[in-house]
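Me: I'm new to reading protein structures and would like a close look at one part of this one. Could you walk me through the place where the chains meet, and then the cysteines?

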Amino acid sequence: MAIKWSEPGLPVSGAIHILCIVATLVAFSNPPKFEYMSESVPVEIINADEPNQIAKGEKSAKEAKPDPKPRADKVAAVTETKPDSAMDKRDVVTPPSRPPSPEPETKPTPPQPPKVAEPAKPEPPKPQPKEEVKDEALLKAEKKPEPPKPEPPKPEPPKPEKKPEPPKPEQPKLDPTQLAKLIEQSKPAQPKSDPNTKPFNPNDIKKMLESKEKPAMAASTGAEVNKTASLGAPNATGPKLNPSQKGQFGDAIKDQLSQCWSPPAGVMDGHTLKPMIKFNLQPDGSVVGQPVVMNDQSSPAFRAMADSAMRAIRKCSPFKIPAQFAPFHNDWKDTTVIFDPKDILG
Amino acid sequence: MNGTEVVAGALQTASSEISIWTMFWNAHFVVKLVMLGLLASSVWCWSIIIDKELLFRRERRSMDRFEEVFWSGQSLEELYRALSERPNNAMAAVFVAAMNEWKRSVENSGRAVTNLTQRLDKVLDVTIQREVERLESKLLVLATIGSASPFIGLFGTVWGIMNSFRSIAASKNTSLAVVAPGIAEALFATAIGLFAAIPAVIAYNKLQAEAAKQQARVEGFADEFSAILSRQIDERIAAE
């Protein structure tokens, strides 16, 4: 086809298009890749311990009391023992000397002995004042001991029948001074038993067992009566490992890792290659989730090191957790180990 | 480890699939046809633009020259003799056509002067019509390309997206790396359509305006020339 020079449109346009196509092929051959960006999400990091460390508070309470206790309307019949006090029952080489925790449930332990003692104490004096009162034919009319006791009316009928017989021999010797002394003896015991603690009466047990009535009030119970709730605890702490225990725990983990870890050959000398790896432990010592390298570096040697460390953790996976650390799972569930060949392999 | 290799391989092929050529080559047959058609129409459109632009420029220059000569007082006979072989612009063509008619009527018999003015007007009209047609030829192609090629490109895109959605349904994988190449291919058709359409629309408007301007110029000249000729005719009739 001869080119007409008056109309050079077609060849010129064809040439331009070919040039355009070539230029596009060159320019678009490597599309720019997007940089990997993960969307940022505002995250508030809360240590899992914190919610546990907050003593049972009530949102409706007005203020946070310095010595918070859970609200209790009456005294609990059975006091619960907290898991952390399990530690105290075990034979441990170095018992953790912790500052007395302000948590309310630990307190009941000291008051307990007196409580047990209390019912015991009033018992011996009880028969005496009563028998005297009855036997003296209400002459002295010592009614003081009677009214403070809530239960006297009930136990009364059985008591006079049984009890008067054994004490009778003593009765003749009765003199006013002794009586006064006995009354004095019984008195101090009574103030001790405050209106909230019931004095022990074995007959009540039967009655309570037989009664089919429902409790009149489903009150919250506690070791002590506390009518006002506190808004959490300002300085409560959960069970924590003390520094020496922490060291022991770390050593125990490293000990087990030393048998699982074989660092890649040739990078032993690297002083800087100490992957710090964080992993989550279950209470039974098994690793849950993916271990995370905390000090990530891009060098291949470091990667190899970190990979070997990860493998070691997975290989060791059910770690043997020494029994004395079991109650502190909160504190060691996130464990971070620095894989330093000198430290772990010795 | 094997799994990561497979994934890496898939990513490699996915990233290499984005070059323009593979984009074209992997497209569906219909989309390919659309792309090729649009590319051809773009080539044609540009060839028309170039030809017309050159033609109008030439036309304008030679019209300027013709007008200069025509109004310089040079003998019309001489001018006619110079141009009668090959009139090089619309104005010259009009002039030559009118002179032909004049010569045939006046010189041969000398009798046919009575309706000469009407005949001259007709001849001028026809010549102007023909010349304007010549100037405006192929501009309709530009108009067609400008209005139709976006739709053709859109058709290719819709077809391509339809196909890629069918592939998604078949492979049951909706990850963006799988979906993206098909949609990029499809959109490429629209891109080519717009690439062809935009210059066509702009050039059509510009060239249409240019053609209208030249037509007006030729018509103006034709009116003036027919005025001159009719004066001559009237003088002749008065002389006889």
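How many residues does the contact take from chain A and from chain B?

Reply: Sure, let's start at the contact. Keep in mind that this is a predicted model. The contact takes 18 residues from chain A and 17 residues from chain B. Put together, the two chains bury about 1300 Å² between them, and 76% of that area is on carbon and sulfur atoms.

Now zoom in on the chain A side. Three residues there lose the most area to chain B: Ser13(A), His17(A) and Leu25(A). Together they make up 33% of what that side buries. If you sort the residues of chain A that touch chain B by class, you get nine nonpolar, seven polar and two charged ones.

What about specific pairings across the interface? The rule finds zero salt bridges between chain A and chain B. It does find four residue pairs in polar contact there, with both partners at pLDDT 80 or more.

On to the cysteines. A disulfide is a covalent bond between the sulfur atoms of two cysteines. Over all chains, the count comes to one disulfide. Its partners are Cys260(A) and Cys316(A), with their sulfur atoms 1.9 Å apart. The angle about the S-S bond is 95 degrees, and the link is right-handed.

So what does this link tie together? Cys260(A) lies in helix H9 of chain A, which covers residues 243-260. Cys316(A) lies in the loop between helix H10 (300-315) and helix H11 (329-332) of chain A, so the pair ties together parts that are 56 residues apart in sequence.

Are these two cysteines buried or exposed? The cut-off for buried is under 20% relative accessible area. Cys260(A) has 15% relative accessibility, so it counts as buried. Cys316(A), at 8%, counts as buried too.

You can try the same reasoning on two other cysteines. Cys20(A) has 34% relative accessibility, so it counts as partly exposed. Cys45(B) is at 0%, which means that it counts as buried.

One last stop, over in chain B: Asn205(B) is found in helix H8, which covers residues 176-239. With a relative accessible area of 48%, Asn205(B) is partly exposed, because that class runs from 20% up to the 50% cut-off for exposed. Asn205(B) and Ala143(B) are 62 residues apart along the chain, yet their C-alpha atoms are separated by 8.5 Å.

Definitions and conventions: Residues numbered from 1 in each chain as written. Chains lettered and ligands numbered in written order. Predicted model: local features only at pLDDT ≥ 70, side-chain atom pairs only at ≥ 80, totals over all residues. Heavy atoms only, no water. Contact = heavy atoms within 4.5 Å. Buried area = accessible area lost by both parts, 1.4 Å probe. Salt bridge = Lys/Arg side-chain N within 4 Å of Asp/Glu carboxyl O. Polar contact = N/O pair within 3.5 Å; in protein donor to acceptor, adjacent residues only side chain to side chain. Nonpolar A, V, L, I, M, F, W, Y, C, P; charged D, E, K, R; others polar. Disulfide = S-S within 2.5 Å. Helix = DSSP H or I, 4+ residues; strand = E, 2+ residues; numbered from the N terminus. Buried < 20%, exposed > 50% of the residue type's maximum accessible area, 1.4 Å probe, protein only.
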